[in-house]
Amino acid sequence: MSFERASGVLLHPTSLPSKFGIGDLGESAYKFVDFLVSSGQKLWQILPLGPTGYEHSPYTMNFSAFAGNPLMISLEQLLEEGLLTKEELVPLENTESNLQRVDFDAVIPHKTKILQQAYQRFQKSLVKQTNSEFENFCKEQASWLDDYVLFMALLEANNYKAWNFWDSAVARREKDALKAEEDKLKDKVSYHKFLQFKFFQQWKKIRDYANNKDIKIVGDISIYVCHNSSDVWANPEIFQLNSETLESAYIAGVPPDYFSATGQLWGNPVYDWDKLEQTDYAWWVERFRATLQYVDIVRIDHFRGFEAYWKVPAGEETAINGEWVKGPDAKFFEVLNSALGDLPVMAEDLGIITPEVEELRDRFDFPGMRILQFGFGGEADNPYLPHNYIPNCVVYPGTHDNDTSIGWWNQTGVAEKQHVAKYLGYSSPEEIKEINWEFIRMALSSVGDLAILSVQDFLDLGNEGRMNDPSVSAGNWRWRYQSNDQLTPELSKRLLEMTRLYRR
């Protein structure tokens, strides 16, 4: 579907400032929405919200495609509910480093201890009186919640070893073995239900606040899930696994591209699309249904994988020795539309895009993406240059996978800089004083129906503000801004004037 002309901002909740070392769904989230409103924005784009594992990628290392990340729960809101005391609400000691980046090694034990204290008080309250909201949540979300909470309890009981290394009867989900483990881990199962209840209760609250101020949430569905997740453990038949070891037989990635000379090897198992088709893609329908309960627009990450996907034999060290395999194509989206209605979808159509991928995207009228940073390395027919845009697209100076505009400018070549200067009407690159605002202006002034900007560009940040570098496996997904005071009225006014100027 096409969208009305508008603009918005990309910011993952973990990047918000807070006292506890990681952004959450508390006061800063509401102040950010207020900033969007005062700046004339209509969209807040986030990354996948799930609980993250190794290296904390919200795309490739989630323990569930349905669950929420407990680290985003606002502890202050738990205090207001009486689930914590002021004495228990101990801030994480601030250092210059953890004000600007999430130190997960410090955050996880610190915040987990406080969340466990809140859970104990919640459990005591249930002895006195049932909580109908909690009971309804558990009942309504049972299709994914029951598997997820048992998976997390088992993961912790097994010292975070991957599920295929657990006791064989549990790994293969034998009924009696699962029942015995569920009884043994009853309190841990209940704890994880509590965390999900509070996460989605708080998320609904901030989403309603945004919607009531005419801000829509753009949420992300990553095409793949982590092997060590409740999704694969509970549904092994829909993935291409080794039947003996239960390891991935093939793993997902992309061939060599703009980001990496050896391609990207993501490590995720690939789907058995034939098995999924036999169920009318039931698991995927439920995934979209669940996502649309919590966001207004879905951005499908790696959209091209539905037309054809890059499949690499397990054990390869790079993605070079893979092959393209036909995906579910149009039938998949026809089934989704039949089950859920006209989907409010944006398609991430970056990378190696063929006419077949474009045909699939356009058949369902999904807007694709245009990245300004990709526009200046070729000739005038480069599709990422603004004069080649069509209205039904989403324009970004850069995404979460790109450097900031200033970071990109500082490392780009002389020829590209000269191309940018000429394109913008300057005699030389030296005349450009604020490349970040030049890129913001190009995005907002383009004919693209949607433009998505980044907080890092507003704050004049260089490479230190980068969220993810796909060519590097460690240290990503940690950037955060330090204070709500950085989103100043002057900054809001500047963005509002530019937004109004270009009828966003």
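How many bridges join strand 2 to strand 3? The legends below answer this question and present further details of the structure, which is a predicted model.

**Figure 1. Strand 3 is paired with strand 2 and with strand 6.** Strand 2 and strand 3 run parallel and are joined by 3 bridges. Within this pairing, Gln 45 stands opposite Val 218 of strand 3. Strand 3 also pairs with strand 6, again in the parallel sense, over 5 bridges. Here Ser 222 has Asp 301 of strand 6 as its bridge partner. Of the 7 residues of strand 3, 6 are buried, so the strand is largely enclosed by the rest of the structure.

**Figure 2. An open sheet is formed by 8 strands.** The order of the strands is 9-6-3-2-1-12-11-10, and their pairing is parallel. The edges are occupied by strand 9 (345-347) and strand 10 (368-371); each has a single partner strand, so one side of each is left without a neighbour in the sheet. On average, neighbouring strands of this sheet are turned by 25° against each other, direction ignored.

**Figure 3. Strand 11 and strand 12 run parallel.** Strand 11 comprises residues 393-396 and strand 12 residues 450-454, and 2 bridges join them. Val 394 stands opposite Leu 450, which belongs to strand 12.

**Figure 4. Helix 1 and helix 12 pack on the sheet.** Helix 1 (residues 27-38) touches strand 1 (6-10) and strand 2 (43-45). The direction of helix 1 makes about 135° with that of strand 2. Helix 12 (residues 282-291) touches strand 3 (216-222), strand 6 (297-301) and strand 9. The direction of helix 12 makes about 155° with that of strand 3.

**Figure 5. Cys 138 and Cys 393 are both buried.** Cys 138 has a relative accessible area of 12%, and because buried means under 20%, this residue is counted as buried. Cys 393 also counts as buried, at 1% relative accessibility. A search of the whole structure for disulfides finds 0.

**Figure 6. Phe 63 and Phe 151 form a tilted aromatic pair.** In the whole structure, a search finds 55 aromatic pairs. In the pair formed by Phe 63 and Phe 151, the distance is 6.4 Å centre to centre, with 50° between the planes. This pair links distant parts of the chain, 88 residues apart. Phe 63 lies in the loop between strand 2 and helix 2 (75-80), whereas Phe 151 lies in helix 6 (residues 142-157). Both Phe 63 and Phe 151 are buried.

**Figure 7. Trp 284 and Phe 306 form an edge-to-face aromatic pair.** Their rings are 5.4 Å apart, centre to centre, and the angle between the planes is 75°. Trp 284 belongs to helix 12 and Phe 306 to the loop between strand 6 and strand 7 (308-313), so the pair ties together parts that are 22 residues apart in sequence. Trp 284 is buried, with a relative accessible area of 0%, and Phe 306 is buried with a relative accessible area of 0%.

**Figure 8. Lys 311 and Arg 494 each lie over an aromatic ring.** The charged end of Lys 311 is placed over the ring of Tyr 250, at 4.0 Å from its centre. Arg 494 lies over the face of Trp 437, and the distance to the ring centre is 4.1 Å.

Key:
Residues numbered from 1 in each chain as written. Predicted model: local features only at pLDDT ≥ 70, side-chain atom pairs only at ≥ 80, totals over all residues. Heavy atoms only, no water. Pairing = 2+ DSSP bridges. Helix = DSSP H or I, 4+ residues; strand = E, 2+ residues; numbered from the N terminus. Axes fitted to C-alpha atoms, helices over the stretch in contact; angles between N-to-C directions. Contact = heavy atoms within 4.5 Å. Buried < 20%, exposed > 50% of the residue type's maximum accessible area, 1.4 Å probe, protein only. Disulfide = S-S within 2.5 Å. Phe/Tyr/Trp six-rings, centres within 6.5 Å; stacked < 30°, edge-to-face > 60°. Lys NZ or Arg CZ within 6 Å of the ring centre and 35° of its normal.
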